[in-house]
Amino acid sequence: MPTKNASITLTDADGLASFTDAAMLVLYLSREEVESANVASALERLHIIADTRESAMRYRESLVFIVCGYDEDPRELAAIPQVRAFFARLVQEWPHWLWFLARGVGAIGLFMSLLCRVKIHRSPGHYGTEFEDLAELGAVMGDLFERGNAMFYAYGITTEQADASAESAVAELLTA
């Protein structure tokens, strides 16, 4: 059901820092950022949504990301080495993805396909990804959960809240 007062607000990190409403957040990443391996701008925006307990709770499971500039490239993002390298670097600096990524829109599957080895399956009008090594997928997710715990401890996010988020992230991958 659409919200009557829904709106789209384009903002930078400063604008996001002063925003207080619940929202679906879109992290826009340009091809230029990706290919120059410049994670600074993305990190600035990501740090803002995790800089206070209030922000962390407000934006829980509300982040999606868009990588623009590859429309003419026939490969899927998971098959582009520069995109994979960019996300690997970004994840080393900011581990809170599984808390913030939106559910039900494929964000977690896409995100994990950028960090893990995958096979891409194509058929006319469709594509899918298959994780080549489920142990690798588990290890990457485990690392993200473990490193993300620091935010939970700092903000008093309960074990139940953290567990619910982790369970929904895993469930999303299992049902994709």
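Helices, in the sense used here, are DSSP runs of H or I with at least four residues, numbered from the N terminus. In the predicted model described below, residue A107 belongs to one such element, helix α7. A107 is buried, because its relative accessibility of 7% falls under the 20% limit set for buried residues. Apart from residues up to four places away in sequence, A107 touches L63, V64, F65, L101, A102 and E172. One of these partners, L63, stands 44 residues away from A107 in sequence, yet the two C-alpha atoms are 8.2 Å apart in space.

The chain as a whole contains nine helices and four strands. Their order along the sequence is α-β-α-α-α-β-α-α-α-β-β-α-α. Of the 176 residues in the chain, 41% are buried. When contacts between residues at least 6 apart in sequence are considered, 72% of them join residues at least 24 apart.

Helix α7, which spans residues 107-115, also meets helix α8, which spans residues 134-155; the two axes come within 10 Å and cross at roughly 105°. The two helices are therefore roughly perpendicular to each other, since crossing angles of 65 to 115 degrees are placed in that class. On the α7 side, the contact is formed by F111, M112 and L115. On the α8 side, the participating residues are E136, L137, V140, M141 and L144. By residue class, the contact of α7 with α8 comprises seven nonpolar residues and one charged residue, with no polar ones.

Helix α8 also takes part in enclosing internal space. The model holds one cavity of 30 Å³ or more, and the largest cavity has a volume of about 90 Å³. The lining of the largest cavity consists of P95, H96, L98, W99, L144, F145, G148, M151, F152, A162, S165 and A166. At least two lining residues are supplied by each of α6 (97-100), α8 and α9 (159-175). Helix α8 provides the largest share, with five residues. Nine of the lining residues are nonpolar and three are polar, while none is charged. L144 appears both among the lining residues and among the α8 residues in contact with α7.

Another lining residue of the largest cavity is H96, which is situated in the loop between α5 (81-93) and α6. With a relative accessible area of 13%, H96 is buried, because the limit for that class is 20%. Beyond its neighbours within four places in sequence, H96 is in contact with A50, R147, G148 and M151. Two of these partners, G148 and M151, are likewise listed in the lining of the largest cavity. H96 and G148 are 52 residues apart along the chain, but their C-alpha atoms are separated by 5.1 Å.

Helix α4, covering residues 53-58, includes S55. This residue, S55, is buried at a relative accessible area of 10%. Setting aside neighbours within four places in sequence, S55 makes contact with I48, I49 and F100. M57 also lies in α4. In contrast to S55, which is buried, M57 is partly exposed, with a relative accessible area of 24%. The contacts of M57, again without neighbours within four places in sequence, are with W99, I157 and Q161. M57 and W99 lie 42 residues apart in sequence, with a C-alpha to C-alpha distance of 9.3 Å. W99 itself is one of the residues that line the largest cavity.

Two loop residues were examined for their backbone angles. Most residues other than glycine have a negative phi. A37, although not a glycine, has a positive phi of about 60°. The position of A37 is in the loop between α2 (31-35) and α3 (40-49), and its relative accessible area of 33% makes A37 partly exposed. E61 likewise has a positive phi, of about 55°, and is not a glycine. E61 occurs in the loop between α4 and β2 (63-68). At 25% relative accessibility, E61 is also partly exposed, because this class lies between the limits of 20% and 50%.

Technical notes
Residues are numbered from 1 along each chain as its sequence is written. This is a predicted model: local features need pLDDT of at least 70, side-chain atom pairs count only at pLDDT 80 or more; totals for chains, interfaces and linings use all residues. Side-chain values use heavy atoms; hydrogens and water are left out. Axes are lines fitted to C-alpha atoms, for helices over the stretch in contact, and angles run from 0 to 180 degrees between N-to-C directions. Angles under 35 degrees count as roughly parallel, over 145 as roughly antiparallel, 65 to 115 as roughly perpendicular and the rest as oblique. Contact means heavy atoms within 4.5 Å. Ala, Val, Leu, Ile, Met, Phe, Trp, Tyr, Cys and Pro count as nonpolar, Asp, Glu, Lys and Arg as charged, and the others, Gly among them, as polar. On a 1 Å grid over the protein atoms alone, a cavity is a set of points where a 1.4 Å probe fits but cannot get out, and a pocket is an open set with protein on both sides within 12 Å along at least five of seven lines; lining residues have an atom within 4 Å of a point. Grid points are joined across faces, edges and corners, and a volume is the space filled by probe spheres set on the points. Buried means under 20% relative accessible area, exposed over 50%, partly exposed in between (1.4 Å probe, protein chains only).
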